[in-house]
Structure formats: C-alpha cells, structure tokens
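Work through the exercises below with the sequence and the model side by side, trying each task before reading its solution.

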Amino acid sequence: MQNTSEQYDAVIKECRELFQKKMKDYGSAWRILRLPSLTDQIYIKAQRIRGLQENDVRKVDEGEKSEFIGIINYAIMALVQIEKGIVEQPDLDVAEAVELYNKHITITKTLMENKNHDYGEAWREMRVSSLTDLILQKLLRVKQIEDNKGKTLVSEGIDANYQDIINYSVFALIHLNE
C-alpha cells in the first residue's frame, strides 16, 4: 500500500497539532455548534477549495492545504458532537478533546484501510479536484440527511459521510504533499 498508513499518519499529525493549538487558544467553544453549523463550515471550506482550483487569481493568501486541514478538523468535531451531543457551554479541556480526536481518527483510519484494500488504492489515480467534488457531494448528502432529521431509508448515516470526507481530505493532502 505504498506507505499509505505512514502518509495518513503524517497528515493527521499536522491536523491534530493545529487542533491542539486552537484548543489552547479558544478552548472547546466549538462544542456549542449544532451539526448543521459544522456541516456549513465544512461546505464553505470545500467551496473555497473548488474556487481556488478553478480561479487563476487569489485574493487571500491561503491555499488548498489549510482548507483541507480545516475540513478534517471540523469533521472530527462533528463526529464528537454526534457522540457526545451539543452543549450550552464549552466542557472539554485539551487532553479530553485530543483523546476524542484520536478515538475518531482511529475509527476513520480503519475505515480507510478497509476501503483502500477493497478499492486497491484507486484514490492515488484521482485528481485533487475530483476529491474536492466528492467532498462537496458528501456534504450535500449530509445536508439532505440533516433536513430529513437524520433519517435515511437505505443510505449510510451522517457519521459515515463525515468519515469519508476526512479520508478524501487526507488523500488530497497526500497528493498535495507529493
């Protein structure tokens, strides 16, 4: 698997470090966010990436990489919110938040490894722009599930879509780092 596991871990290490620094700066203020708010934050970032990929001129000096990192961290926050529920006041210290981060990234990485085995690392042949489009598609699915009050008839739930969003973002960052 062309060191996918090591590349994955390196990307997550960078994302986790930023998450920890922001936790020290802001605490767990994100714990008050409802899932649709997190979904919208991720959607904004994905739309910005798509805009960066399509536009020749950039007016803000931030590239795709920082936006993909943001998507990963917001999606992990969403998974924590699904598990723990929304609160009225921040309730996690840095250590607790990082423990939850690690728990959800471990589950998500295992999903990636299983799918990666079955799909034969097809993502390595994909363009970053295609990964961006898949993230946007997943977000539109999540929005529809949220509008349906979390109910699906035959489809996977919101958590599985967030996990796919994380994994697509990691793949994009691996491509951008190569």
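**Exercise 1. Compare the expected span of helix α1 with the distance between its end C-alpha atoms.**

Solution. Helix α1 covers residues 4-26, which makes 23 residues, and at 1.5 Å a residue these should span 33 Å, where the expected span is 1.5 Å times one less than the number of residues. The end C-alpha atoms of α1 are 32 Å apart, which agrees with that expectation. Helices here are DSSP runs of H or I with at least four residues, numbered from the N terminus. The model is a predicted one, in which local features need pLDDT of at least 70 and side-chain atom pairs count only at pLDDT 80 or more, while totals for chains, interfaces and linings use all residues. Residues are numbered from 1 along each chain as its sequence is written, and side-chain values use heavy atoms, with hydrogens and water left out.

**Exercise 2. Find which residues of α1 are buried, and what covers them.**

Solution. Begin with the term: buried means under 20% relative accessible area, exposed over 50%, and partly exposed in between, with a 1.4 Å probe and protein chains only. By this rule Thr4, Gln7, Tyr8, Val11, Ile12, Cys15, Phe19 and Met23 of α1 are buried. Next, look at the cover over these residues, which includes α3, α4 (94-119) and α6 (158-177). Finally, step past the end of the helix, where α1 is followed by Gly27 with a positive phi near 70 degrees.

**Exercise 3. Describe how α3 sits in the structure, using its length and its burial.**

Solution. Helix α3 has 21 residues and reaches 30 Å from its first C-alpha to its last, close to the 30 Å expected. Of these 21 residues 15 are buried, so α3 is largely enclosed by the rest of the structure. Asn73 lies in this helix, at residues 64-84, and is buried at a relative accessible area of 6%. Leaving aside neighbours within four places in sequence, Asn73 is in contact (heavy atoms within 4.5 Å) with Cys15, Leu18, Phe19 and Tyr101.

**Exercise 4. At what angle do α3 and α4 pack, and which residues meet there?**

Solution. The two helices pack at an angle of about 100 degrees, with their axes 10 Å apart; the axes are lines fitted to C-alpha atoms over the stretch in contact, and angles run from 0 to 180 degrees between N-to-C directions. That makes α3 roughly perpendicular to α4, a label given to angles of 65 to 115 degrees, whereas those under 35 count as roughly parallel, those over 145 as roughly antiparallel and the rest as oblique. From α3, Ile72, Asn73, Ile76, Leu79, Val80, Glu83 and Lys84 meet Leu100, Tyr101, Lys103, His104, Ile105 and Thr108 in α4.

**Exercise 5. Decide whether Glu121 and Lys149 are buried or exposed, and state the sign of phi for each.**

Solution. Start with Glu121, which lies in the loop between α4 and α5 and counts as buried at 10% relative accessibility. Its phi is near 55 degrees, a positive value in a residue other than glycine. Lys149, in the loop between α5 and α6, counts as exposed at 71% relative accessibility, and has a positive phi of about 60 degrees although it is not a glycine. As background, most residues other than glycine have a negative phi.
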